[in-house]
Amino acid sequence: MNKIGLVIQREYLTRVKKKSFLITTILVPLIIFGFYAAIIAVSISDSSESAKVAVIDDAGLFKSPGQKDNIIYTVVTNETEESFKSKYKKEGYKYFLYIPKVDINNPKGINIHSESSVSISIKSKVEKIINNALEAKRLEAANIKADQYKAINADVSIGNPLDSGKESVTTAATVVSGVCGVLIYMILMIYGTMVMRGVMEEKISRIAEVIISSVKPFQLMLGKIIGIGMVGITQFAIWLILIFALLNILPFVFPSMAEHATQAASASQANSAAMAGNLGASLRALPLGLIVVCFLFYFMGGYIMYASMFAAIGSVISEDQQEAQQLVFPVIMPIVFGFIIMTKAVTDPNSGLAVFGSLFPLTSPVVMMARICFDVPAWQLITSMVLLVLGFLFFTWLTAKIYRTGILLYGKKVTWKEMIKWLGRKA
Amino acid sequence: MALLELHNLKKYYATQKAVDDISFSIEKGSIFGLLGPNGAGKTTLLRMITGIFFPDEGNLMFDGRPFDPIKDIGNIGYMPEERGLYKKMKIGDQALYLAQLKGLSKAEAMSRIKEWFLKFEMQTWWNKKVEDLSKGMSQKLQFVTTVLHSPKLIILDEPFSGLDPVNANMIKDEIYKLSQQGATIIFSTHRMEQVEEICDHIVLVNKGKKILDGSVQKVKNDFKENLFKIRFANRLMPEHLAIHLFEVIKTGEQELVLRKDAAYSNNDILQYFISKGLAVESFNEILPSLNDIFIKLVEGTPTARQFQPLTA
């Protein structure tokens, strides 16, 4: 008779069929997508802002006026800063750039006149043109040729060969580690408290004893934990698929955005392309198989261990939400502690604290995921996994005892001392 | 034949002896009353019978075999005092889930639920949620889910609390019917008038000990005080009462309550009044109510006041 199966089925279906599940599961990626789209939309609208700028160039910096970066420069002659200041708007210019006759080593008094403040992007574009022109003039004055200068400019990238002979993968590793650690942390928190609320619901609605007369308390607890874990997996799977799909249809939704992207790519090819190439290469160099296997392992081990603790807490709460917050604090603490160690481990994966955190079963799910990309020695990984399995068996056994007693107790505030007493009690 | 036998059951907690050496047996097909004040150990006893707790000592026999919590759980239907349902779950789904947990197949559970819903006029409730039901309605649903899998042993803890008289009668009738069909019923309550009406056999526990065991009739006989009530067609005169046959408890114009001296028979009393020329209209023995018996037995303990007559 598969009673755990029935419990899992109920826990899973009642949650997945709920409207709030549908809403959060579908809304969250939409919000992320909207956020992403908004950022891109803003950056496009900003750079495509075309402006007409009138220039009085007494220093002779603008050799070839015209259009650059969506800004149209028109050189005006026979005017002074004072005289043209009042006219540029009437003549259809948005901005008026005044460059006095300047000392190229100490340029001063260059102004842009405008009705309202000039946007940072336009200001920086104009500054870039003037800087380039000044630089060229200074090179000329110092008698250095432009290609000579280019050859002098240094741009070094330091390699990091490991003793093991493999190539290090620092940038990508840091990103992937951080994401994995945060994901595990979120899973423990979100679905752990969901288990606690589920147990509280059973206790407060007084159905616990009815169910316990058909199912062993441990079966009920395990069924609930597994059922909610499956809800979590479903939710994450839907999120991943939705985010992936949305990112792929993005260019079709905003054709101008795609255009812009190619433009940007061709404009600033060298640097960013190289960087992206590097990142791609280092991503490929990561042990993806190991990451996925470890993620699943630490997700399951950590989730079941913490969910059983949350279930035990839920079982001793009679009505009071405040009571819940007090009791749940010691359970949340190690998760938060693990999160703090993780933020350190991402930048310094082999420090003593990081190694300890990745071995100690209460913090290892979060911390080990943050170290996994940085070539963790095999003995540490194996020790960590064995300890997690032991920890999870130990805590599940322990919390099942508290749960079994707590779930049948009504109208009484339970203290930690009493809970510890229950641990030694027979059924 | 006994369906359930309890032999020297013990369950001790750190601070108290919740159940301290209790034995009794319950006949197949009987309606059995388990009575006792709060904290007497009833719930612990019921939890041992339903396999939720293991006894510290002693053993249980179910249907002639040693009780096996895993296997026999499907033969028991338990409606605890602290009962409830999943508030957000649809009623039909809920009944289906509970029945399946008891081991019924989905199809079997479905057809039985429909049958019971029809009987209790609940057909239209299927898609409602428990939070939309009144207390009485959810009590009915709770009863249905308890008996859905046709258990051999049905345990009802305060089954009528929160029910109006119409619904209480409906459930009472079903209890009788189930009993006639061979189910054994354990009925746990504080409401003595219900026990007197429904139960064949009772056990009273107090402070973890069994203090009374027997059929309702036998218990009443054991505690009778030879009180009789006589009604006459003519007026009762003081001179009629000066006699050693009985002690006068209460007199009315044409009515008399007396305590008979155990040495005399009922006929002696009747003959006496007839010889005095009084016309006897009725002659009844006053048996003690279970309520009186329990107050007497539990008296002196701080929980005795719970047995004062309830007006509800």
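Select chain B and colour it by burial: buried residues make up 37% of its 312 residues, where buried means that 20 or more other C-beta atoms lie within 10 Å of the residue's own, exposed means 12 or fewer, partly exposed is in between, and C-beta atoms are placed from the backbone. This is a predicted model, in which local features need pLDDT of at least 70 and side-chain atom pairs count only at pLDDT 80 or more, while totals for chains, interfaces and linings use all residues. Residues are numbered from 1 along each chain as its sequence is written, and chains are lettered from A and ligands numbered from 1 in the order in which they are written.

**Chain B as a whole**

With chain B still selected, switch to a cartoon, which should show 10 helices and 14 strands; helices (H or I, at least four residues) and strands (E, at least two) are DSSP runs, numbered from the N terminus. The C-alpha atoms of chain B fill a box of roughly 75 × 45 × 35 Å along the principal axes. Two residues are in contact if their C-beta atoms, placed from the backbone, lie within 7 Å, and among contacts in chain B between residues at least 6 apart in sequence, 68% join residues at least 24 apart.

Next, colour residues 2–215 as domain 1 and residues 225–286 as domain 2 of chain B, with bounds that come from an automatic or database domain assignment. The C-alpha centres of these two domains of chain B lie 46 Å apart.

Now colour by pLDDT, the predictor's confidence in each residue, from 0 to 100. The mean for chain B is 85, and 96% of its residues reach 70 or more, but over residues 303–312 of chain B pLDDT stays under 50, and the model has 16 contacts beyond four places in sequence for that stretch. Where pLDDT is low, the predicted coordinates should not be read in detail.

**Where the chains meet**

Show both chains, for which the model scores ipTM 0.80 and pTM 0.75, and select the 20 residues of chain B that are in contact with 19 residues of chain A. Helix α3 (residues 91–101) of chain B gives the most to the side of chain B that touches chain A, with three residues. By class, that side of chain B has 12 nonpolar, four polar and four charged residues, counting Ala, Val, Leu, Ile, Met, Phe, Trp, Tyr, Cys and Pro as nonpolar, Asp, Glu, Lys and Arg as charged, and the others, Gly among them, as polar.

**The nonpolar cores**

A nonpolar core is a set of buried Ala, Val, Leu, Ile, Met, Phe, Trp, Tyr and Cys residues joined through C-beta atoms within 7 Å. Of the 137 residues in the largest such core, A307(A), A311(A) and I155(B) touch the most other members. Helix α11 (residues 288–316) of chain A supplies the largest share of this core, 14 residues. A second, separate core of 16 residues includes L61(A), F96(A), L97(A) and I99(A). Centre next on I155(B), which, not counting residues up to four places away in sequence, touches L46(B), I49(B), T50(B), I76(B), G77(B), Y78(B), M79(B) and I186(B).

**Chain A**

Move to chain A, which has 16 helices and five strands and in which buried residues make up 29% of the 427 residues. Its mean pLDDT is 81, and 85% of its residues reach 70 or more; confidence in chain A is lowest in helix α9 (residues 255–267), at a mean of 52, and highest in helix α1 (residues 3–16), at 92. Colour domain 1 (51–149) and domain 2 (170–261 + 285–423) of chain A, whose centres, taken over C-alpha atoms, are separated by 59 Å.

Select helix α15 (residues 378–406) of chain A, whose 29 residues should span 42 Å at 1.5 Å a residue, in agreement with the 41 Å between its end C-alpha atoms; the expected span is 1.5 Å times one less than the number of residues. Among the buried residues of α15(A) are S384(A), L388(A), F392(A) and T396(A).

Turn then to Y98(A) in strand β4 (residues 95–99) of chain A, which counts as buried because 22 C-beta neighbours lie inside 10 Å. Leaving out residues up to four places away in sequence, Y98(A) touches I56(A), E81(A), I110(A), N111(A) and H113(A).

Finish at K123(A) in helix α4 (residues 120–141) of chain A, which has 14 C-beta neighbours inside 10 Å and therefore counts as partly exposed. Beyond its neighbours within four places in sequence, K123(A) is in contact with I112(A) and V118(A). A distance drawn from K123(A) to W397(A), 274 residues apart along the chain, should read 66 Å between C-alpha atoms.
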